[in-house]
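Notebook open, viewer loaded. I want to go through the rings, the core and a few single residues, and jot down what I find.

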Amino acid sequence: MLPYATAGEAEAALGRAMTPAEALWFRYTAGVSDYHLYCCNILFLFVVFTVAPLPVALLELRAPAAVSPYKLQPRVRLSRAEFVRCYKDVLRIFFLVIGPLQLVSFPMVKLVGIHTRLPLPSLGEIAAQLLVYFLVEDYLNYWIHRLLHGEWGYQKIHRVHHEFTAPIGFAAPYAHWAEVLILGIPSFVGPAIAPGHMITFWLWIILRQVEAIETHSGFDFPFTPTKYIPFYGGAEYHDYHHYVGGQSQSNFASVFTYCDYLYGTDRGYRFHKAYLAKLKDLGQNDGEKGDGSGLSYVKLD
């Protein structure tokens with residue numbers, strides 16, 4: 001809650017007039033506690049989990065022929081019932097694990113210094129902090145994900161996420177409850193290292209989940225804006241990891257590809273890409289996308 005009773009008090013404390021964005025923030029938050037602002041994350045996550053995967057899911061269900069050229073495993077077709085089951089399972093974990101975790105984690109948020117006060121951060125500050133959050137989360141997630149592909153971690157926990165060998169957007173947060181808790185840690189380390197405004201924290205939570213949904217979409221659309229991000233993995237990169245499944249010792253990265261490159265865990269994927277390129281040159285490739293039959297994807301790590 002902002003410590004100002006009026007806009008005049010806020011501007012006096014700032015020593016200048018509020019920007020339109022700050023005036024809007026003041027009107028919205030002046031009488032709202034920091035705890036309730038933090039809990040907006042629950043609403044944001046629910047909306048993202050529900051809405052972000054929906055356009056691609058509807059295209060896949062209602063216009064499969066139109067999007068088939070871009071589907072990474074086009075021979076794998078999920079029914080409407082399977083989409084609904086996935087969404088229901090995700091909501092179950094959301095209400096039993098993610099939501100309660102958000103409700104009880106506020107003291108840690110305050111402890112590390114995430115705040116709601118004025119002035120609002122500049123766009124440059126927000127961008128710099130988001131970059132730190134993505135890099136830190138990506139590095140830590142890489143090692144946790146790699147550990148989860150050990151025999152015990154995979155059989156007891158991570159295999160749930162790999163039930164979708166041809167992933168869909170709704171399956172991005174589809175996982176064992178323990179994995180949801182474990183992978184929540186890297187998401188918080190970045191904001192703990194470089195704490196910022198609550199707005200930045202909101203954006204981080206939203207963008208990270210949208211990125212995960214895009215990565216699990218199962219489609220490699222040529223017009224995807226993320227293709228222009230350096231070292232970004234994307235749907236094709238992560239789809240290979242899901243196709244190989246429990247055997248996979250490749251493509252552990254959650255966002256970028258630098259960890260897999262540095263530690264040599266993209267060897268199978270690079271072999272797969274070289275194999276497809278060779279088949280294409282020889283005129284023997286049925287399609288440039290993986291078709292789920294094993295003809296285009298090569299299970300070698």
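**Rings**

I started with the aromatic side chains and found W25, Y28, F44 and W202 joined into a cluster by ring pairs. Note to self: this is a predicted model.

I then asked for the total: how many aromatic pairs does the structure hold? The count came back as 23. One of them is W25 with W202, where the ring centres sit 5.7 Å apart and the planes meet at 65°, so I logged the pair as edge-to-face. W25 belongs to helix α2 (residues 20-29) and W202 to helix α12, so this pair ties together parts 177 residues apart in sequence.

Are these two tryptophans buried or exposed? W25 has 5% relative accessibility and counts as buried. W202 comes out at 10%, which also counts as buried because the cut-off is under 20%.

Next I pulled up F94 and F95. Their ring centres are 5.1 Å apart with the planes at 80°, so this pair is edge-to-face. The burial values are worth writing down: F94 is buried at 2% relative accessibility, whereas F95 is exposed, with a relative accessible area of 52%.

**Core**

I looked up the largest nonpolar core, and it has 49 residues. Which residues have the most contacts inside it? They are C86, L118 and I168. The elements giving two or more residues to this core are α2, α3 (34-38), α4 (40-51), α7, α8, α9 and α12. Helix α7 gives the most, with nine residues.

I clicked on I168 to see what surrounds it. Leaving out neighbours within four places in sequence, I168 is in contact with E60, L78, F83, C86, H216 and S217. A second core, separate from the big one, has six residues, and Y237, Y243, A253 and Y269 are among them.

**Helix α11**

I checked the length of α11, which covers residues 177-193. This helix has 17 residues and reaches 26 Å from first C-alpha to last, close to the 24 Å expected at 1.5 Å a residue. Its buried residues are A178, E179, V180, P186, S187, G190 and P191. What covers them? I found that the cover over the buried residues of α11 includes α7 (80-104), α8 (106-112), α9 (123-148) and α12.

**Y232**

Where does Y232 lie? I found Y232 in the loop between α12 (198-215) and α13 (234-244). Despite the loop address, Y232 is buried, with a relative accessible area of 13%. Setting aside residues up to four places away in sequence, Y232 touches E211, E214, T215, T226, V255, F256 and T257. With E214 there is also a polar contact, side chain to side chain, at 2.6 Å. For a distance check I took A81: Y232 is 151 residues from A81 in sequence and 32 Å from A81 in space, C-alpha to C-alpha.

**Annotation**

Last stop was the record. UniProt, in an unreviewed entry, lists residues 35-59 as "transmembrane region". What does the model show over residues 35-59? I get 88% helix and 0% strand there, with the end C-alpha atoms 39 Å apart.

How values were computed:
Residues are numbered from 1 along each chain as its sequence is written. This is a predicted model: local features need pLDDT of at least 70, side-chain atom pairs count only at pLDDT 80 or more; totals for chains, interfaces and linings use all residues. Side-chain values use heavy atoms; hydrogens and water are left out. Helices (H or I, at least four residues) and strands (E, at least two) are DSSP runs, numbered from the N terminus. Buried means under 20% relative accessible area, exposed over 50%, partly exposed in between (1.4 Å probe, protein chains only). Contact means heavy atoms within 4.5 Å. A polar contact is a pair of N or O atoms within 3.5 Å; within protein, one must be able to donate a hydrogen and the other to accept it, and residues adjacent in sequence count only if both atoms are side-chain atoms. The expected span of a helix is 1.5 Å times one less than its number of residues. Rings of Phe, Tyr and Trp (its six-membered ring) pair if their centres lie within 6.5 Å; planes under 30 degrees apart count as stacked, over 60 as edge-to-face and the rest as tilted. UniProt positions are given in the numbering used here, feature names are shortened, and annotations may be inferred rather than shown by experiment. A nonpolar core is a set of buried Ala, Val, Leu, Ile, Met, Phe, Trp, Tyr and Cys residues joined through side-chain atoms within 4.5 Å.
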